[in-house]
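Work through the exercises below with the structure open. Each task is followed by a solution in steps.

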Amino acid sequence: MKLAYYPGCVSASTGKEMDASTRAVCAALSIELEELDDWNCCGATHVSNELVATGLSARNMAMTDLPIMTACSICYSNLRSAAERLREAETLDKVNALLDKKYSGATIRHALDVILEALAEKDERIVLPLRDLKVAPYYGCLLTRPRGVDSPEFPTLIEKLIRRLSAQPVDFPFKTLCCGGPIFMPRQEAAEEIAFKILSEAKRAGAEVIVTVCPLCHLMLDAKQKAIEQRRGEQIGIPVLYVTQLAGIALGLGPEELGLFMNSVSPLPLVEKAYERMTETE
Amino acid sequence: MTAIMDEFKAEVSRLAGEEFLTCIQCGTCSASCPTASLMDPSIRGLIKLCLEGKREQALHNETLWLCTSCLLCTVRCPRGIRPKAVVSALKEIAERGEAAKSLPADAAYERLFLKQIGDYGRIAELSLTGEFLLAYPQGMVQSMQVGLELFPRGKIGLEIDRIEGRDEVKRLIEELR
C-alpha cells in the first residue's frame, strides 16, 4: 500500500517521536509513505477564519492523488473539515481560483486507522505481544470530530488497536475530554487543570501507560507532566506514548527508531517489563 | 441601531453559517464545554448576545479565548449549529476590528501564528514562542519550563523551514480573509 504522508509542523519539533514512530511502524508494515511535497501548516486551532483554514488545507490536499495520511489529530481534523467545506461549490471556486494546483477531492486517513487496518488479528509481525499491559486509551477531541470517524462520544478505535497488540484497555471515562492544549500558551492554569484531571483519572483507572493520537495532547500529558506534578504537589509518573510508539514496541522495533528516548516520562521500564512477561510465559 | 445590529448578525452568519440563527438556547453546548466553568458569558450566552445583536459584548469577553476548539459542542448541537464556528467568527471579527490592539494576549498569539504561516508556510515553534513572549512576558516561566523539558530531548526545532510555495500561501491568507 502506498499513501501520501503529511507530517505536520510538530514533526520538526515537539512531535519528533510521533513522526519517527509513524515512519518506522509504516515501514515495518510495508506501507509506503510518500511525503507531501512542499506541504504547509494546516493552521492548527489558531486560524479563526474558516475560509483561510480551508484554503491552507486545500493546498496540501491538491498535491497528490494518493490517500493522505497524518498521525496528528489536529491536522487530521483540519484536513477533513476542509474537504467537507470544499464540497460547497462557492468555497471550492474561491479556493481553486487562488491555488496553483487545483483541488479536486481527497481521502484523509489517520495513522491509527491505517495501522489498525494493516494489522491482522494475531498478526505474526507482533513479536512482543503486550500481554497484561494496562493501557488508558486517550482520544482527546479531534480524532473523531467533526463527525464521520468512529463515535465522537464513545469511540473504540484505540481500544481495538490495544487489544490487537494483546494489551488491555482500561475503562477510562475521560478518554474524550479535551486536554486543554490549544489554550495552554496564554491560559496556563486553565489548561493544566484539565490535563491534571486526565492524568489522575488514568492513574486511578489502573493504567500503566496512556496512549495518545495527537501531539498537543502528548505535550500536555507528557512534557508538562512534571510541571503539573510540582504545581499540584502530587506525584503521577505515568508514561504517555503515541499509538504509533505502542504499536512499534509490539512490532519489536527499537527504542531509537520509535523515539522512546524523547518521551519525558520514560517508557523504557514498561518495555523491559513487557519482555519479562513474554519470557515468563514462554 | 437596528442596521448595525443586523449587519453584525449577518457577518456572524456569513462566517459561521446561518443555522446559528435557529438556536433554541437549550444549553447543550455549554454543558459540553471543557472550560465552561471559567466562562462568562457561557457559550450559550455568547450565541444569545449575537442573536440580540449585542456586538461589543459579543466581541469583548474572555469566553472567546477560553474555547479549546474541541468541537464537542458542534457534534452535539441538536440544531446543527457549530458553536465553535461562532466563536471563531467572533474572534475573526474582533481581530480585524479597530479595537484589535486592546484584545488579550491570546489574540496576539493567533496573529503571530498566522503571520508565521504567511511568511514561512510552516510554524517554527521556537521563533513563534519567542515572538509571543516579547509581546507577553508573563508566559516566560511556563515557556522556560516546557523548553527545559524539550530541549535536552532534541524536541525544539532550531531551524525555520521555509517552503517553496510561500507566495501561494500568502495569497491564500490575504485573499480569503
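## Exercise 1: A sheet in the second domain of chain A

A:Val135 stands opposite A:Pro169 in S6(A). The model is a predicted one.

Task: Starting from A:Val135, find its partner in S7(A), then give the strand order of the sheet.

Solution.

Step 1. S5(A) and S6(A) run parallel and are joined by two bridges.

Step 2. In S7(A), the residue opposite A:Val135 is A:Val209. S5(A) and S7(A) pair in the parallel sense, over three bridges.

Step 3. Strand S7 (residues 209–212) of chain A also pairs with S8(A), in the parallel sense and over three bridges. Here A:Val211 stands opposite A:Leu241.

Step 4. Put together, the four strands make an open sheet with the order S6-S5-S7-S8 (chain A) and parallel pairing. Its edge strands are S6 (168–169) and S8 (240–242) of chain A, each of which pairs on one side only.

Step 5. Helix H6 (residues 157–164) of chain A packs on this sheet and touches strand S5 (134–137), S6 and S7 of chain A. The direction of H6(A) makes about 160 degrees with that of S5(A). S5(A), H6(A) and S6(A) form a β-α-β unit, and the unit is right-handed.

## Exercise 2: The other four-stranded sheet

Task: Give the order of the strands in the sheet that contains S1(A), and state which strands stand at the edges and why one side of each is left without a neighbour.

Solution.

Step 1. Strand S1 (residues 2–5) of chain A pairs with strand S2 (residues 32–35) of chain A in the parallel sense, over four bridges. Within this pair, A:Lys2 has A:Glu32 as its bridge partner. From S1(A) the chain passes through helix H1 (residues 16–28) of chain A to S2(A), in a right-handed β-α-β crossover.

Step 2. S1(A) is also joined by two bridges to strand S3 (residues 68–70) of chain A, and the two run parallel. A:Tyr5 stands opposite A:Met69 in S3(A).

Step 3. The order of this open sheet is S2-S1-S3-S4 (chain A), with parallel pairing. S2 and strand S4 (108–110) of chain A each have a single partner strand, so one side of each has no neighbour in the sheet. On average, neighbouring strands of this sheet are turned by 40 degrees against each other, direction ignored.

Step 4. Two helices remain to be placed. H3(A) packs on the sheet and touches S3 and S4 of chain A, its direction making about 160 degrees with that of S4(A). Helix H5 (residues 111–118) of chain A lies across S1, S3 and S4 of chain A and runs at about 75 degrees to S4(A).

## Exercise 3: Two helices in contact

Task: Are H7(A) and H9(A) roughly parallel or roughly perpendicular to each other?

Solution.

Step 1. Helix H7 (residues 188–204) of chain A and helix H9 (residues 225–232) of chain A pack at an angle of about 95 degrees, and their axes are 10 Å apart.

Step 2. Angles of 65 to 115 degrees count as roughly perpendicular. H7(A) and H9(A) are therefore roughly perpendicular to each other.

Step 3. H7(A) contributes A:Glu192, A:Ala195, A:Phe196 and A:Leu199 to the contact, while H9(A) contributes A:Gln225, A:Ile228, A:Arg231 and A:Arg232. By class, this contact has four nonpolar, one polar and three charged residues.

## Exercise 4: Domains and chains

Task: Which element gives the largest share of the side of domain 1 of chain A that touches domain 2 of chain A?

Solution.

Step 1. Chain A is divided into domain 1 (2–111) and domain 2 (124–281). The C-alpha centres of these two domains of chain A lie 24 Å apart.

Step 2. Domain 1 of chain A gives 24 residues to the contact and domain 2 of chain A gives 25 residues.

Step 3. On the domain 1 side, H1 and helix H3 (73–85) of chain A are the elements that give two or more residues. H1(A) has the largest share, nine residues. The residues of that side divide into eleven nonpolar, nine polar and four charged.

Task: How many residues does each chain give to the contact of chain B with chain A?

Solution. Chain B gives 53 residues and chain A gives 46 residues. The side of chain B that touches chain A divides into 25 nonpolar, twelve polar and 16 charged residues.

Notes
Residues are numbered from 1 along each chain as its sequence is written. Chains are lettered from A and ligands numbered from 1 in the order in which they are written. This is a predicted model: local features need pLDDT of at least 70, side-chain atom pairs count only at pLDDT 80 or more; totals for chains, interfaces and linings use all residues. Two strands pair if DSSP finds at least two bridges between them. Two residues are in contact if their C-beta atoms, placed from the backbone, lie within 7 Å. Axes are lines fitted to C-alpha atoms, for helices over the stretch in contact, and angles run from 0 to 180 degrees between N-to-C directions. A crossover is right-handed if, with the strands pointing away from the viewer, the path from the first strand over the helix to the second runs clockwise. Angles under 35 degrees count as roughly parallel, over 145 as roughly antiparallel, 65 to 115 as roughly perpendicular and the rest as oblique. Ala, Val, Leu, Ile, Met, Phe, Trp, Tyr, Cys and Pro count as nonpolar, Asp, Glu, Lys and Arg as charged, and the others, Gly among them, as polar. Domain bounds come from an automatic or database domain assignment.
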